[in-house]
Amino acid sequence: MEIFKSTITGLIDTSGFTGLSDIRCIIMILLSFVLFYLAIVKQYEPLLMLPIAFGMLLTNLPLTGLYHPELWDPATNPYFAPTYVDAGIGGLFMSVFTPETSLDYGKVLHEGGLLDMLYLGVKLQIYPPLIFLGIGSMTDFGPLIANPKSFLLGAAAQGGIFFTFLGACLLNFFDLSGIGFDGFTLKEAASIAIIGGADGPTAIYLTSKLAPQLLGSIAVAAYSYMALVPVIQPPIMKALTTEKERSVKMGQLREVSKIEKVVFPIAVTVIVSLIVPSAAPLVGILMFGNLMKESGVCDRLVKTAQNELMNIITIFLGITVGATAVADNFLSWKTIFIIVLGLIAFCVGTACGVLLGKLMYIISGRKINPLIGSAGVSAVPMAARVSQKVGAQTNPSNFLLMHAMGPNVAGVIGSAVAAGVLLSVLG
């Protein structure tokens with residue numbers, strides 16, 4: 001009888017139910033259920049939202065041993081070796097810099113769980129470039145090549161990134177310690193700002209290098225706003241344009257030759273890598289995928305990049321990013337500010353694209369519909385479809401989709417370059 005009692009007691013003591021006494025775990029599990037609802041019922045970016053939600057569920061179930069946040073936290077892991085960096089001009093940003101650290105990956109390999117192993121692909125910046133390989137192999141840069149002015153619209157839409165970066169930094173000048181908010185470091189501010197590019201892999205890539213402790217919050221915010229493009233953008237587009245501007249019909253784009261499509265990814269890789277070398281891992285792999293597609297000689301590789309490889313990496317990326325959303329990091333004022341600032345970044349980026357579109361509308365003699373500027377954020381192809389939808393609502397004979405695809409794919413390049421600039425300055 002005593003053996004039976006001790007066995008039952010041992011099972012109870014080692015079960016996860018004992019860890020559910022922490023209310024924060026219960027809250028995180030409930031939040032994962034909300035993400036399940038958004039992914040399955042509302043179908044908001046389900047290919048990544050569902051794995052993120054399941055990763056969040058797994059990491060917050062007590063005693064599973066799948067993910068160990070302490071292995072990645074320099075405050076608790078003695079295997080981190082701090083190397084202090086300079087305080088910035090005049091010491092102005094001394095309080096917002098944090099020590100650079102290096103990690104003993106051997107400890108992770110010996111003591112980590114399954115999700116720790118998979119998270120190495122995020123930490124070592126392997127997954128985001130491979131996602132870009134798949135995106136490149138599925139992207140047609142023809143509309144951008146046919147209308148190079150689209151590059152300007154894609155660049156303008158990145159204005160939300162830099163505006164929000166400054167906004168996040170300015171929060172440090174307000175005393176919010178009373179609510180438990182101690183401000184953002186420059187690296188955290190940059191990671192939050194990149195949400196404005198509406199490019200999930202880029203946001204994950206930059207955050208994993210600059211502010212990995214915020215990865216879960218930033219990923220959830222980034223993919224949520226990408227899914228809400230049809231809700232967020234139309235009011236901004238209509239508020240900044242007149243009915244006359246929205247009704248402008250644009251002429252048909254010229255046909256782009258095969259040699260142009262082959263030369264384009266090579267040229268972009270060389271130019272971007274020389275100007276912003278830190279953007280090469282994203283832009284270079286993106287263009288490599290596109291070159292395989294446009295060359296017409298790598299069909300097997302293209303199909304693999306578009307399907308099997310893309311799907312596998314999406315699963316690994318989603319579930320490991322979700323695993324970083326542990327209660328200690330996620331349930332904080334920083335997460336609330338990230339959600340608010342991410343929305344501001346996205347709205348400002350959309351507005352910047354539309355406003356430049358209005359300027360081009362005037363300069364071109366009213367031949368360019370400013371609505372295509374909203375597609376400069378790199379939510380491909382959803383943002384371009386929103387431009388088409390809003391334009392067709394004003395003028396049913398309007399067909400803006402292909403014109404909007406130019407700024408849309410330019411935004412993919414632009415967000416990667418913006419990430420490279422931030423990484424060069426702060427990395």
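**Exercise 1. Work out how Met138 sits in this predicted model: what is its exposure class, and what does it touch?**

Start with accessibility: Met138 has a relative accessible area of 45%, so it is partly exposed, because that class runs between 20% and 50%. Next, place it in the fold: Met138 belongs to helix 6. Now look for company from elsewhere in the chain. Leaving aside residues up to four places away in sequence, Met138 touches Lys293, Gln306 and Met310. Finally, try a C-alpha check against Val302: Met138 and Val302 sit 164 residues apart in sequence, yet 8.4 Å apart in space.

**Exercise 2. Find how helix 6 and helix 11 run relative to each other, and which residues make the contact.**

Take the geometry to begin with. Helix 6 and helix 11 (residues 200-210) have axes 9 Å apart and pack at about 160 degrees. Angles over 145 degrees count as roughly antiparallel, so that is the label for helix 6 and helix 11. The handedness comes next: helix 6 passes helix 11 in a left-handed crossing. Last, pick out the side chains at the contact. Helix 6 brings Pro128, Pro129, Ile131, Phe132 and Ile135, while helix 11 brings Pro201, Thr202, Ile204 and Tyr205.

**Exercise 3. Helix 11 also packs with helix 10: at what angle do they cross, and which residues meet?**

The axes of helix 10 (residues 186-193) and helix 11 come within 9 Å and cross at roughly 170 degrees. Helix 10 is therefore roughly antiparallel to helix 11. On the helix 10 side the contact uses Lys187, Ala190 and Ser191; on the helix 11 side it uses Leu206, Thr207 and Leu210.

**Exercise 4. Classify the ring pair Phe141 and Phe264, and say which parts of the chain it ties together.**

Begin with the tally: the model has 10 aromatic pairs. For Phe141 and Phe264, the ring centres are 5.2 Å apart and the planes meet at 40 degrees, so the pair is tilted. Now locate the partners. Phe141 is in the loop between helix 6 (127-138) and helix 7 (142-146), and Phe264 is in helix 15 (residues 258-275), so the pair ties together parts 123 residues apart in sequence. Then check burial: Phe141 is buried at 2% relative accessible area, and Phe264 counts as buried too, at 12%. For another bit of aromatic packing, look at the cluster of Phe181, Phe184, Trp333 and Phe337, linked by ring pairs.

**Exercise 5. Follow helix 15 to helix 16: how are the two arranged?**

Helix 15 and helix 16 (residues 280-295) pack at about 165 degrees with their axes 9 Å apart. The two helices are therefore roughly antiparallel, and their crossing is left-handed. Phe264 turns up again here: it is among the helix 15 residues in the contact, along with others including Val268 and Val272, and the helix 16 residues include Val283, Met287 and Leu291.

**Exercise 6. Check the length of helix 12, then decide how enclosed it is.**

Helix 12 (residues 215-227) has 13 residues, which at 1.5 Å a residue should span 18 Å; its end C-alpha atoms are 18 Å apart, so the two agree. For burial, 13 of its 13 residues are buried, so helix 12 is largely enclosed by the rest of the structure. Set that beside the chain as a whole, where 52% of the 427 residues count as buried.

Notes
Residues numbered from 1 in each chain as written. Predicted model: local features only at pLDDT ≥ 70, side-chain atom pairs only at ≥ 80, totals over all residues. Heavy atoms only, no water. Phe/Tyr/Trp six-rings, centres within 6.5 Å; stacked < 30°, edge-to-face > 60°. Helix = DSSP H or I, 4+ residues; strand = E, 2+ residues; numbered from the N terminus. Buried < 20%, exposed > 50% of the residue type's maximum accessible area, 1.4 Å probe, protein only. Expected span 1.5 Å × (residues − 1). Axes fitted to C-alpha atoms, helices over the stretch in contact; angles between N-to-C directions. Parallel < 35°, antiparallel > 145°, perpendicular 65-115°, else oblique. Left-handed = near helix turned anticlockwise from the far one by under 90°. Contact = heavy atoms within 4.5 Å.
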